[in-house]
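Welcome, and thanks for opening the viewer. Let's take a short walk through the model, one selection at a time.

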Amino acid sequence: MRTLRTVAPSHSPSLSEEQIYDLRQLFLSVYEQSPAIAGYLLLALKGRLEAPWRALGVYYHLARSADDKLMPARETVMMLPESLFEDLEALARALEKAGGGDLDVQSAKARLGYFIDYADGLARHAQKAGDNVFLNRIEACRDIAGEAHARFVEQALSAMRAALPVREARGSSRMAAPRPDYAKPVAPGVIADAKTAVALLVEAPAGAKRLGADPGLAEKVLEDASKHALTYANDLVAEIRAAEGVDRAAARTLLEQTLTIVQPLLKSDEIGLIRDRAAAAAVTV
């Protein structure tokens, strides 16, 4: 293991051809002494890479080498890709399970991003090697993750809305749309989740494409989120104009808080115009 630490330092971003050659020599040396330890060496390599999926390139180097010494070690070498695909399948199943419950926005975004990077990384190596068997396994995992992604996107819209509180409109008309509710402060955790949810929504169409899914749903939800954010902010300007004293101050605070949450959804000129109108509304007598 000491030699492995020398050949592949901890959190190595990638492996050079020289490093891969040294790994092959190290593997053969260890295999001659103990096939079991040689297998453990390959699994340890995965953990030493900043991007574990890069280890698949080492597998192809070993599996397709013309070195006769590697022929008896084929089964041991196969432990490496099997471990990588077990990781990918476990990630996909974890996303599937998470998608069936209440959304943990912070965790969902991180898990999705890691799965997508992992699947893309494995796919690049498999495509380069022309390995359709492994590509099919990757696509099967992407299908599972894609379904979870769709649920996360819909839940992310709800998480954003949770940070934009509303109350029933005053007056006798039941048809009036709910109005922004500035009476109670929004909890910091709800605000943090909403910001992460917005980031997830913005990235969702591209994420769907990387998962091989139709981005149509993600694009529609993103459009709905953007429209809701713009309408809510403009409604808050009206609330600022209508309110007085502490209510007006509370409405202004909610507006600034809202803009920090939904900023990625709106154009810069839209945000500038909203702030200008809010400033004018704040001095209305």
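Before selecting anything, here is one term to carry along: a residue is called buried when its relative accessible area is under 20%. Keep in mind, too, that this is a predicted model.

**Stop 1: the whole chain**

Begin with the full protein chain in cartoon view. You should find 12 helices and 2 strands. Follow the chain along its sequence and the order reads α-α-α-α-α-α-α-α-β-β-α-α-α-α. The radius of gyration is 26 Å, well over the 19 Å that the globule rule gives for 285 residues, so the chain is more spread out than a compact globule. Turn the model along its principal axes, and the C-alpha atoms fill a box of roughly 90 × 35 × 30 Å.

**Stop 2: surface and charges**

Now switch on the surface. The accessible surface comes to about 14,900 Å², and 53% of that belongs to carbon and sulfur atoms. Of the 285 residues, 46% count as buried. Colour by charge next: there are 35 positive and 38 negative side chains, and the centres of these two sets lie 4 Å apart.

**Stop 3: helix α3**

Select residues 35-48, which form helix α3. Its 14 residues reach 20 Å from first C-alpha to last, close to the 20 Å expected at 1.5 Å a residue. Which residues of α3 are buried? Show the side chains of A38, G39, L41, L42, A44, L45, K46 and R48 to see them.

**Stop 4: helix α11**

Move on to residues 245-262, helix α11. Its 18 residues should span 26 Å at 1.5 Å a residue, and the end C-alpha atoms are indeed 26 Å apart. Highlight R248, A251, L254, L255, Q257, T258, L259, I261 and V262, which are buried in α11. What do the buried residues of α11 pack against? Add α8 (132-162), α9 (188-210), α10 (216-242) and α12 (268-282) to your selection, and you have the partners.

**Stop 5: H228**

Stay with α10 and pick out H228, which is found in that helix. Is H228 buried or exposed? Its relative accessible area is 18%, and the cut-off for buried is under 20%, so H228 is buried. Leaving aside residues up to four places away in sequence, H228 touches M160, R161 and L164. To finish, draw a distance from H228 to A199: these two are 29 residues apart along the chain, and their C-alpha atoms are separated by 15 Å.

Note on methods
Residues are numbered from 1 along each chain as its sequence is written. This is a predicted model: local features need pLDDT of at least 70, side-chain atom pairs count only at pLDDT 80 or more; totals for chains, interfaces and linings use all residues. Side-chain values use heavy atoms; hydrogens and water are left out. Helices (H or I, at least four residues) and strands (E, at least two) are DSSP runs, numbered from the N terminus. The radius of gyration is taken over C-alpha atoms; the globule rule is 2.2 Å times the number of residues to the power 0.38. Buried means under 20% relative accessible area, exposed over 50%, partly exposed in between (1.4 Å probe, protein chains only). Accessible areas come from the Shrake-Rupley method with a 1.4 Å probe; for residues, only the protein chains shown count as cover. Lys and Arg count as positive and Asp and Glu as negative; His and the chain ends are not counted. The place of a charge is taken as NZ of Lys, CZ of Arg, CG of Asp or CD of Glu. The expected span of a helix is 1.5 Å times one less than its number of residues. Contact means heavy atoms within 4.5 Å.
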